[in-house]
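Reader: I have a protein model to look at and would like to go through it step by step. Could you guide me with questions and answers?

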Amino acid sequence: METIETDYLVIGAGAVGLSFADALLAESSATMVVVDRRHAPGGHWNDAYPFVRLHQPSLFYGVASMELGSGRIDDAGPNAGNFELASGPEVVTYFERVMRERLLPSGRVRYLPMHDVVSTDNGGALVRGRLGGADRKIVVNRKIVDGTYYNTTIPSTHQRKFDVAPGVDCIAPNDLPRRAPGAGRFVILGGGKTAMDVGVWLLENGVDPDAVVWVRPRDSWLINRDTTQPTSRFFHQSIGSMATQMEAAVVATSVDDLFDRLEAADIMLRIDPTTRPEMFHYATISIGEVELLRRIGDVRRGARVTRIEPGALAFTDGARSSTPPGALYIDCTATAVERRPPVPTFNGDRITLQMVRLPNPAFSAALAAYVEAHYTDEAEKNRLCAACPLPDSPADWPAATVANMMNQYAWNQDKTLRDWITRCRLDGFGQVVRDADKSDPAQAAVLQRLKEAIMPAVMNLQRLAAQPDAA
Ligand SMILES: Cc1cc2nc3c(=O)[nH]c(=O)nc-3n(C[C@H](O)[C@H](O)[C@H](O)COP(=O)(O)OP(=O)(O)OC[C@H]3O[C@@H](n4cnc5c(N)ncnc54)[C@H](O)[C@@H]3O)c2cc1C
């Protein structure tokens with residue numbers, strides 16, 4: 001059996017594993033082996049539906065050392081006026097370039113695609129080639145880095161949690177462009193961002209909204225993409241919204257009251273203004289997309305689907321509901337990022353990459369690499385990289401936001417780390433604050449509002465997080 005010796009073994013060549021590897025390469029002289037069972041870098045993006053795009057501006061996604069996109073402002077479509085959102089193929093090409101132009105030429109990174117990590121122990125790991133099955137022993141001198149903790153699942157590769165009777169046409173969104181022209185009726189299954197992308201795609205391509213049934217067990221609060229734009233050009237949109245958000249957090253009397261205030265300020269959106277959302281996963285969307293999705297009137301809420309039969313759906317609560325005969329069902333029920341409990345990022349010879357800033361997995365992984373390279377005390381490292389709990393419902397938002405703010409506070413106390421963060425391409429908004437024109441009274445006023453609101457917001461959010469409906 002071949003033995004490969006390395007300083008770090010990075011499991012997963014998705015955005016998270018590669019962002020960590022890229023930053024560790026920049027900040028240390030370590031060697032790395034990156035292992036992934038997929039054939040190419042980029043993780044789940046390799047299997048994404050063809051009309052997928054980033055939810056967030058390309059400008060602060062990917063790895064720290066390499067730009068993604070050209071910093072273009074879209075001038076058409078629902079994202080007009082905002083920074084470009086890379087398409088799936090662009091993201092895959094980008095990660096391929098990261099591997100080919102950045103990581104491999106360093107001579108310090110070895111990449112093993114089409115390999116499973118079969119087992120790990122204190123000294124390393126056993127990896128197995130998926131073609132031919134050759135095993136390799138990886139001897140790890142420093143640490144094993146787990147870039148798979150969130151177990152991202154997408155419709156084209158996940159295990160469905162419902163049955164499909166013979167004769168029912170149920171596809172992943174990947175097949176939609178090919179199959180939609182032959183279908184007259186559509187049933188979208190799922191309430192997350194993928195389902196929204198499918199709804200937008202159908203309507204933008206001329207499908208009558210009345211030909212669509214949307215099985216949306218829970219509605220979701222959605223972040224208005226206008227408020228997530230980096231660079232000083234968008235100072236008032238982004239930092240102004242942040243100040244408004246903090247001010248709402250200071251005075252909110254309940255989680256519902258908080259979200260109502262954020263909605264009134266156009267920071268949070270919902271598709272149906274008459275239904276109170278029970279989900280919050282940081283899905284980010286434009287107002288134009290929300291307006292489009294509101295045109296789909298036949299929404300089935302409540303339970304989850306257990307079985308699809310010709311012309312009928314069965315639900316977890318025993319209910320049944322009829323659907324148009326011969327409809328094309330589009331499975332958008334994969335969970336994307338799994339809600340797993342936070343664990344220590346640094347634990348002996350293991351690093352478990354998690355979000356230390358929500359919802360920014362790439363930035364979080366880069367920061368963990370920086371901390372790994374420059375700090376020695378494990379308690380200190382975990383203090384700087386405390387994993388934030390991923391929210392599932394609006395009631396989880398206060399605790400998640402407090403965790404974000406506590407981390408930011410810890411980083412701000414450390415000048416070297418703070419400087420690294422403000423230089424880091426993946427830090428969208430710190431740079432906007434840094435570049436603010438303090439001589440401009442309007443910008444100075446926003447910064448002052450933000451400064452005044454932060455501490456009372458933390459205190460009130462802690463109170464809201466402790467309310468009975470909070471997780
Ligand atoms: C449609 C969609 C859009 C999104 N848009 C955004 C966005 O705009 N911004 C944002 O920040 N986030 C976004 N996300 C969240 C997304 O989860 C992250 O951006 C990121 O791509 C996840 O990367 P990852 O490395 O954690 O996971 P993955 O992409 O799943 O990568 C993990 C890799 O590990 C490999 N692996 C797992 N186990 C093993 C093993 N035992 N052996 C070998 N290899 C293994 C897998 O094959 C996989 O390639 C989006 C998610 C989805 C589904």
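Author: Before counting anything, note that helices, of at least four residues, and strands, of at least two, are DSSP runs numbered from the N terminus. Please also keep in mind that this is a predicted model.

Reader: How many helices and strands are there in the protein?

Author: Counting the runs of each kind along the chain, one arrives at two totals for the protein, which are 13 helices and 20 strands.

Reader: Why is the protein said to be as compact as a globular protein of that length?

Author: The C-alpha atoms fill a box of roughly 65 × 60 × 45 Å along the principal axes, and 44% of the 471 residues count as buried. The globule rule gives 23 Å for 471 residues, and the protein is as compact as a globular protein of that length because its radius of gyration is close to that, at 23 Å.

Reader: Which element gives the largest share of the shell around the ligand?

Author: The ligand is surrounded by 33 residues, and the closest are Gly-12, Gly-14, Val-16, Gly-43 and Thr-152. Two or more residues of this shell come from each of helix H1 (15-27), strand S4 (115-121) and helix H8 (361-374). By class, the shell holds 17 nonpolar, 12 polar and four charged residues. The largest share, three residues, is given by H1.

Reader: Does Pro-324 count as buried, exposed or partly exposed, and why?

Author: Pro-324 is placed in the loop between strand S17 (320-322) and strand S18 (328-331), and, leaving aside neighbours within four places in sequence, Pro-324 is in contact with Arg-185 and Val-213. A buried residue would need 20 or more other C-beta atoms within 10 Å, whereas an exposed one would have 12 or fewer. Because Pro-324 has 15 C-beta neighbours inside 10 Å, Pro-324 counts as partly exposed.

Reader: At what angle do the axes of helix H10 and helix H13 cross?

Author: Two packed helices are described by the distance between their axes and by the angle between them. Here H10 (residues 397-412) and H13 (residues 441-465) have axes that come within 8 Å, and H10 passes H13 in a left-handed crossing. The contact includes Pro-398 and Met-405 of H10, together with Ile-454 and Leu-461 of H13, and by class it has nine nonpolar, two polar and no charged residues. The angle at which the axes of H10 and H13 cross is roughly 145°.

Methods:
Residues are numbered from 1 along each chain as its sequence is written. This is a predicted model: local features need pLDDT of at least 70, side-chain atom pairs count only at pLDDT 80 or more; totals for chains, interfaces and linings use all residues. A residue is near a molecule or strand if its C-beta atom, placed from the backbone, lies within 6 Å of it. Ala, Val, Leu, Ile, Met, Phe, Trp, Tyr, Cys and Pro count as nonpolar, Asp, Glu, Lys and Arg as charged, and the others, Gly among them, as polar. Two residues are in contact if their C-beta atoms, placed from the backbone, lie within 7 Å. The radius of gyration is taken over C-alpha atoms; the globule rule is 2.2 Å times the number of residues to the power 0.38. Axes are lines fitted to C-alpha atoms, for helices over the stretch in contact, and angles run from 0 to 180 degrees between N-to-C directions. A crossing is left-handed if the near helix is turned anticlockwise from the far one by less than a right angle, and right-handed if clockwise.
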